[in-house]
Amino acid sequence: MRITFLGTGAAGGVPLYGCRCAACSVAKTNAAFVREPCSALIESGTTRILIDGGLMDLHKRFAPGELDAIVLTHFHPDHVQGLFHLRWGKGPSIPVFMPPDPDGCADLFRHPGILDFNPQKAFSAFEIGGLKVTPVPLIHSKPTFGYVFEVAGGSTFAYLTDTRGLPQDTQHFLQIMKPDGLAIDCSFPPSDQPKGHNDWTMALHCIQAVDPARAWLIHISHELDNWRQTTNPDLPNRIKVAQDGDRVDFTLPS
């Protein structure tokens, strides 16, 4: 299984429009520090799954038939905005797996075009190609799923964006599984002010509770990047701050 982090940014991205903070200033001159909307590509054998549709150039990145499915974490615009153009395309329909959110986003359900929306149930696994996919509930302002991807007899990877902490049943499920990899929302620096996403402290607490072999911090705001530049906080070797374009390979056990 291969994971490519196509985008690692929170809403607004990095650089944030009009912002002159250090993180945004660096990203304006060095593309390596740019953060597009949070999204990832999962590949295993010939199976290719896109997580979230917030990238605005999906219709250019993926030719018809290149994606086996799209899985949506939730229907906030920065996670689905690229679907509004993609849906009017031609070619085979694209299965879209999603939380059971009757509101969706704008008119996507009324005019789905080539998108075939399929609501899922928490902890009810389904298969896409050679991958087993299990939706797990997260804590957010709209119905939101994380997803656990499993290769038969091989690796497991959990993708958990847009959450503040973890529901007890989700944490318990992941603790039993002990995934080989985990990507988790880490939107803000440490803070005493409640927000709708993990801050640095909460994200690390979630990782410690689940205890994956490796972990990546995603859904990162310019505020977090700016704080990291000024404080240079330490991280255990198994935890990394993901950047757009980072690629991770999980191999079958020998």
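Reader: What makes the contact between the side chains of Asp-225 and Arg-228 a salt bridge?

Author: In this predicted model, the side chains of Asp-225 and Arg-228 meet at 3.1 Å, N to O. A salt bridge requires a side-chain nitrogen of Lys or Arg within 4 Å of a carboxyl oxygen of Asp or Glu. The value of 3.1 Å for Asp-225 and Arg-228 lies within that limit, and therefore the pair is called a salt bridge. Side chains of opposite charge can pair when their charged atoms come close.

Reader: Where do Asp-225 and Arg-228 lie?

Author: Both belong to helix α7, residues 222-231. They stand three residues apart, about one turn of the helix. Arg-35 joins them in a network of salt bridges.

Reader: Why is Asp-225 called buried, and why is Arg-228 called partly exposed?

Author: Buried means under 20% relative accessible area, and partly exposed covers the range between that and 50%. Asp-225 has 7%, so the residue is buried. Arg-228 has 24%, so the residue counts as partly exposed.

Reader: How many salt bridges does the structure hold?

Author: There are 12 salt bridges in the structure. Among them is the one between Glu-43 and Arg-48, at 3.2 Å, N to O. Another joins Arg-61 and Asp-57 at 2.8 Å, N to O.

Reader: What makes Glu-43, Arg-48, Arg-61 and Asp-57 partly exposed?

Author: Glu-43 has a relative accessible area of 21%, and Arg-48 has 22%. For Arg-61 the value is 35%, and for Asp-57 it is 28%. Since the class of partly exposed residues runs between 20% and 50%, Glu-43 belongs to it, as do Arg-48, Arg-61 and Asp-57.

Reader: Which strands stand at the edges of the sheet, and why are they called edges?

Author: Seven strands form an open sheet with mixed pairing, in the order β7-β8-β9-β10-β11-β12-β13. The edge strands are β7 (126-128) and β13 (239-241). Each has a single partner strand, so one side of each is left without a neighbour in the sheet. On average, neighbouring strands of this sheet are turned by 20 degrees against each other, direction ignored.

Reader: How do you know that strand β11 and strand β12 pair?

Author: At least two bridges are needed for two strands to pair. Strand β11 (residues 181-185) and strand β12 (residues 214-218) share five bridges, and therefore they satisfy the requirement. Their pairing is in the parallel sense. Ile-184, for example, has Leu-217 in β12 as its bridge partner. Helix α6 (residues 200-210) lies across β11, β12 and β13, at about 155 degrees to β11.

Reader: What is notable about phi of Phe-123 and phi of Lys-178?

Author: Most residues other than glycine have a negative phi, and most peptide bonds are trans. Phi of Phe-123, however, is positive, near 65 degrees. Phi of Lys-178 is also positive, near 50 degrees. Phe-123 is placed in the loop between β6 (115-119) and β7, and Lys-178 in the loop between α5 (168-177) and β11. Phe-123 is partly exposed at 31% relative accessibility, and Lys-178 is partly exposed at 45%.

Reader: Which peptide bond is cis?

Author: The bond from Val-14 to Pro-15 is cis, with omega near 5 degrees. Pro-15 sits in the loop between β1 (2-7) and α1 (22-29).

Terms used
Residues are numbered from 1 along each chain as its sequence is written. This is a predicted model: local features need pLDDT of at least 70, side-chain atom pairs count only at pLDDT 80 or more; totals for chains, interfaces and linings use all residues. Side-chain values use heavy atoms; hydrogens and water are left out. Helices (H or I, at least four residues) and strands (E, at least two) are DSSP runs, numbered from the N terminus. Axes are lines fitted to C-alpha atoms, for helices over the stretch in contact, and angles run from 0 to 180 degrees between N-to-C directions. Contact means heavy atoms within 4.5 Å. Buried means under 20% relative accessible area, exposed over 50%, partly exposed in between (1.4 Å probe, protein chains only).
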